[in-house]
Amino acid sequence: MTTLQAIIMAIVQGVTELFPVSSLAHAVILPRLLGWTNVDENSDGFLPFLVVMHLGTALALIAYFWRDWADFATAVMVRRGPKAEAERRIFWRVVVTTIPAVVVGFVLEKELRHAFGNPELVAGILIANGLMLFAAERLKGRRERALSRLRWVDAVVIGLWQCLALIPGFSRSGATMAGGYLAGLDHADAARFSFLTATPVILGAAVLETPKLAHAHGHFSGVAILAGVVAGVVAFISVALLMRWFREPEVRGFDPFALYCALAGAGSLAWFLLH
């Protein structure tokens, strides 16, 4: 992989990991669309390369939500009172929500890897992601629940929704936000909770996959680090824009992303079938 290719993929990663349009789908489809024959999605180094970019995204999320994580830490270890109790509730819901994806990802790792080498399949799943976003926006309940009042069962259900993102083509942020909508969260709280739960999941994947870069070529590892930095910078800008978007009252939060996924998936699939 060339440096320019890595930078392009990192920019796309920084946007698509947080926007509900599936970063994995773009990572699988983009090289095929651009004719990058030197990029092999089935190679041992491709998934670790993606994980390093995800690590950059996770660091960007920590930087943006550092106050939340600092409040969680002090609430769990030091502070008491109603505000601290609410923060502890959110923190432990974040922990519970991450568990299903960790377990499923570990058990089905080999099976899920096969999808990385099948751009046609991923393009089809991207269309399904658009349909999921469209449906979730319309199934969103009118009765809203504060994030601090999220129930344990809601956290588990959102965690199960997050498991969809293990399939390239389904968006992690989109799936967790959809679960949040169905649990009664509004757009802003669903987005905040989704981005908070992203951090431990992405960091956990990085711990498992990044050491595998040592088995790839040295140049590839250096390119991966550069890509991680670029992805992190772009992701920080992306999360700031998204939080502003989802705070807008009466916004149809998922609709533009649902339309994009449907068109991008259908267009990519048509291109692959005709070439």
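User: Buried means under 20% relative accessible area, exposed means over 50%, and partly exposed lies in between (1.4 Å probe, protein chains only). Where does Cys261 fall, buried or exposed?

Analyst: This is a predicted model, where local features need pLDDT of at least 70, side-chain atom pairs count only at pLDDT 80 or more, and totals for chains, interfaces and linings use all residues. Residues are numbered from 1 along each chain as its sequence is written, and side-chain values use heavy atoms, with hydrogens and water left out. Cys261 has a relative accessible area of 0%, so it is buried.

User: How many disulfides does the structure hold?

Analyst: A disulfide is a pair of cysteine sulfur atoms within 2.5 Å. Cys163 is buried, because its relative accessibility is 13%. Still, the number of disulfides in the structure is zero.

User: How many helices does the protein chain have?

Analyst: Helices (H or I, at least four residues) and strands (E, at least two) are DSSP runs, numbered from the N terminus. The count of strands is zero. Along the sequence the pattern reads α-α-α-α-α-α-α-α-α-α-α-α. The number of helices is 12.

User: What share of the contacts with a separation of 6 or more joins residues 24 or more positions apart?

Analyst: Contact means heavy atoms within 4.5 Å. In the protein chain, pairs 24 or more positions apart make up this share of the contacts with a separation of 6 or more: 80%.

User: What percentage of the 275 residues is buried?

Analyst: Accessible areas come from the Shrake-Rupley method with a 1.4 Å probe, and for residues only the protein chains shown count as cover. The chain exposes about 12900 Å², with 69% of that supplied by carbon and sulfur atoms. Among the 275 residues, the buried part is 52%.

User: How many of the 11 residues of helix 9 are buried?

Analyst: Helix 9 covers residues 172–182 and is largely enclosed by the rest of the structure. Its buried residues include Arg172, Ser173, Met177 and Tyr181. Gly184 follows this helix, with a positive phi near 105°. The buried count in helix 9 is 10.

User: Which three residues touch the most other members of the largest nonpolar core?

Analyst: A nonpolar core is a set of buried Ala, Val, Leu, Ile, Met, Phe, Trp, Tyr and Cys residues joined through side-chain atoms within 4.5 Å. The largest one has 49 residues. Helices that give two or more residues to this core include helix 9, helix 10 (187–209) and helix 11 (218–247). The three residues are Phe195, Phe246 and Phe254.

User: Beyond four places in sequence, which residues are in contact with Phe195?

Analyst: Neighbours within four places are left aside here. The contacts of Phe195 are Leu18, Leu61, Phe65, Arg172, Ser173, Val239, Leu242 and Met243.

User: Which residues are in contact with Ser268, leaving aside neighbours within four places in sequence?

Analyst: Ser268 sits in helix 12 (residues 255–274). Its relative accessible area is 8%, so Ser268 is buried. Its contacts are Ile29, Leu33 and Ala123.

User: What is the area of the nonpolar surface patch that holds Leu33?

Analyst: Patches are made of residues with over 30% relative accessible area and no salt bridge (a side-chain nitrogen of Lys or Arg within 4 Å of a carboxyl oxygen of Asp or Glu). Like charges are joined within 9 Å, and nonpolar side chains (Val, Leu, Ile, Met, Phe, Trp, Tyr) within 5 Å. Leu33, in helix 2 (residues 23–33), is partly exposed because its relative accessible area is 34%. With Leu4, Ile8, Leu34 and Trp271, Leu33 makes a patch of about 450 Å².

User: How far apart are the closest N and O atoms of Asp255 and Arg138?

Analyst: Side chains of opposite charge can pair when their charged atoms come close. Asp255 and Arg138 form a salt bridge. The pair links helix 12 to helix 7, 117 residues apart along the chain. The closest N and O atoms are separated by 2.9 Å.

User: Which residues form a network of salt bridges?

Analyst: Asp154 pairs with Arg145, with closest N and O atoms 3.3 Å apart, and with Arg151, at 2.9 Å. Asp154 is buried, because its relative accessible area is 7%. Arg151 is partly exposed at 43%. The network consists of Arg145, Arg151 and Asp154.
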